[in-house]
Amino acid sequence: MAKIKTLFVCTNCGYSSSKWEGKCYSCNEWNTLLETHEIKSSKTTLEQKQQVWKEDTKKNVPKLLNDIHKINQNRISTNDEEFDRVLGGGIVTGSVTLLGGRPGIGKSTLLLQLAINANLKVLYVSGEESAEQIKMRADRVGFKNENCFILSEINLNNILKEAKAINPQVLIIDSVQTIYSPFIESSAGSITQVRECASELQRFAKETNIPLFMIGHINKDGNIAGPKVLEHIVDTVLLFEGDRNYSYRLLRVEKNRFGSTDELGIYEMHGSGLKCVTNPSEMLLSQSSDLLSGSVIGTLVEGMRPMLIETQALVSPAVYGNSQRSATGFELRRLNMILAVLEKRLGLAFAQQDVFLNIAGGIKISDPGLDLSITTALISSLNNIAVSNKTVFAGEIGLTGEIRAVNRIDQRILEAERLGFESIYISSFNKISLDKDKLGIRVYELSRVDELLQVVFS
Ligand code: TYD
Ligand code: MG
């Protein structure tokens, strides 16, 4: 007889309790216990469950560190330069990767492209679309791989059985929230199901050495839906993000056991799938050659990649009483801070002005190195004086009006030089290891914001 059991599971750490508590005993988070129902069939045991895809259960014995053979460090290439780099140089055998992102951002497209472009035997399992729908998408993207199997299935046991039979070089699950394990009879997508399916899949990947990619949905707060433990059991967590109104998509690394989390992949969504963007600066700079006030080029380091980006400010007298402050792609609090510094240190009157700030490309910036170009754009718009579009700015603004050093300054300078800019303003506190005389770009140093007025706007 099947028994219904009510459990309260913590969405943060996966701890379960038989009664509701305001605070989780295990991780001390408040209001994280969620009611779930499990129907446990009395005849299923752990052994039975494992027999579905494993004939004999191997027992692990302790080994001397010296006797352990190094795992094959050869990485498998995905034939996608950006994806390989984000993973730290290709796929590691037996690794488990979780790809999160908002609905419609392109997660399925990204992994389907991986499946059909890689020169590998791939099994792509979808719990969301039928095989015919996937075929339509594959046709749209244009496929080359003759060895790509598609399975539309949501039962985890069948998935693992098929995976065992096909023995692919890469296994893709789209998505972990749509599949279910028949041994736990709560509905697919519930915390217990997601946790169970993910750990079963992880065990499968580790035992068979087949690298596994799982797509995970994201909830309202931007976290991967389901228990937080999901992020702990996988080796790599990738996030696919971008603004829906723009076609650029960023692939960020949240966690990577086999590589750096500083890597970043940039894609552009086209009518025929996602294309790698190898030269991001070009997409972030405006094509116009006119000199306009309020438009200034700054530098940005995302992950490890330097990019140049256009910052635009519009300062105009506030007509309706209270002045407005608005920032797109930049933190409003930081804009207010910069305005306060300019008022206090330079005596510029922004109080009666509406201030709008816009960062090109619809990407969200958190690099403080952009402060100097934003400051210059604000002064440029206020005084209605255009700044040369052959000049770049890189520096952080401190509260006393000092211009502070930024990270990776050499790379920022080299990127500006590569794109043919004539001069760059940096902080005098930045130590550069480049030989200034050999550079094709002039480097000017500033230590305080008031110098901007004399040097740039004189
Ligand atoms: P999808 O990969 O299904 O997103 P997710 O799996 O993250 O929910 O697709 C995202 C969107 O991309 C979809 O609305 C249609 C669009 N799209 C293109 O613009 N070009 C294409 O070639 C494809 C396949 C999709
Ligand atoms: Mg999808």
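## The shell around ligand 1

Sorted by class, the residues surrounding ligand 1 comprise three nonpolar, eight polar and four charged ones. Keep in mind as you look around that this is a predicted model. The shell holds 15 residues, and those that come nearest to the ligand are Gly-104, Ser-108, Thr-109, His-270 and Gly-273. Three secondary-structure elements, α3 (107–117), α4 (131–141) and β11 (264–270), each contribute at least two residues to this shell. Of these, α3 gives the largest share, with three residues.

## Polar contacts and burial of the ligand

Let us turn to individual atom pairs. At Gly-104, a polar backbone atom sits 2.7 Å from an oxygen atom of ligand 1. Gly-106 also offers a polar backbone atom, here 3.0 Å from an oxygen atom of the ligand. With Arg-137 the partner belongs to the side chain: one of its N or O atoms is 3.0 Å from an oxygen atom of ligand 1. On its own, the ligand would expose 560 Å², and the protein buries 74% of that area.

## The chain as a whole

Stepping back, the protein chain contains twelve helices and 21 strands. Its C-alpha atoms fill a box of roughly 85 × 50 × 50 Å along the principal axes. The chain has 458 residues, and 49% of them count as buried.

## The largest pocket

What is the volume of the largest pocket? The value comes to about 620 Å³. Its lining is made up of 31 residues, and Glu-241, Leu-250, Arg-252, Ile-363 and Lys-364 are the ones nearest the pocket centre.

Several strands take part in this lining: β9 (236–241), β10 (248–256) and β13 (295–302) each provide at least two residues. By class, the lining of the largest pocket divides into twelve nonpolar, eight polar and eleven charged residues.

## Enclosed cavities

The model also has two cavities of 30 Å³ or more. The largest cavity has a volume of about 60 Å³. Its lining includes Arg-75, Leu-87, Gly-90, Ile-91, Val-92 and Ser-95. Further along the chain, Thr-97, Phe-213, Thr-236, Asn-256 and Phe-258 also belong to the lining of this cavity. Taken by class, five of the residues lining the largest cavity are nonpolar, five are polar and one is charged.

## Backbone details worth a look

A few backbone features are worth finding on screen. Most peptide bonds are trans, and most residues other than glycine have a negative phi. Against that background, which form does the peptide bond from Asp-174 to Ser-175 take? This bond is cis, with omega near 0°. Ser-175 belongs to the loop that runs between β7 (170–174) and α6 (191–208).

Two asparagines stand out by their phi angles. Asn-31, although not a glycine, has a positive phi of about 55°. You will find Asn-31 in the loop between β2 (16–17) and β3 (33–40). Is Asn-31 buried or exposed? Asn-31 counts as exposed because its relative accessibility is 62%, above the cut-off of over 50%. Asn-79 is likewise not a glycine, yet its phi is positive at about 70°. This residue is placed in the loop between α1 (46–51) and α2 (81–87).

How values were computed:
Residues are numbered from 1 along each chain as its sequence is written. Chains are lettered from A and ligands numbered from 1 in the order in which they are written. This is a predicted model: local features need pLDDT of at least 70, side-chain atom pairs count only at pLDDT 80 or more; totals for chains, interfaces and linings use all residues. Side-chain values use heavy atoms; hydrogens and water are left out. On a 1 Å grid over the protein atoms alone, a cavity is a set of points where a 1.4 Å probe fits but cannot get out, and a pocket is an open set with protein on both sides within 12 Å along at least five of seven lines; lining residues have an atom within 4 Å of a point. Grid points are joined across faces, edges and corners, and a volume is the space filled by probe spheres set on the points. Ala, Val, Leu, Ile, Met, Phe, Trp, Tyr, Cys and Pro count as nonpolar, Asp, Glu, Lys and Arg as charged, and the others, Gly among them, as polar. A residue is near a molecule or strand if one of its heavy atoms lies within 4 Å of it. A polar contact is a pair of N or O atoms within 3.5 Å; within protein, one must be able to donate a hydrogen and the other to accept it, and residues adjacent in sequence count only if both atoms are side-chain atoms. Accessible areas come from the Shrake-Rupley method with a 1.4 Å probe; for residues, only the protein chains shown count as cover. Helices (H or I, at least four residues) and strands (E, at least two) are DSSP runs, numbered from the N terminus. Buried means under 20% relative accessible area, exposed over 50%, partly exposed in between (1.4 Å probe, protein chains only).
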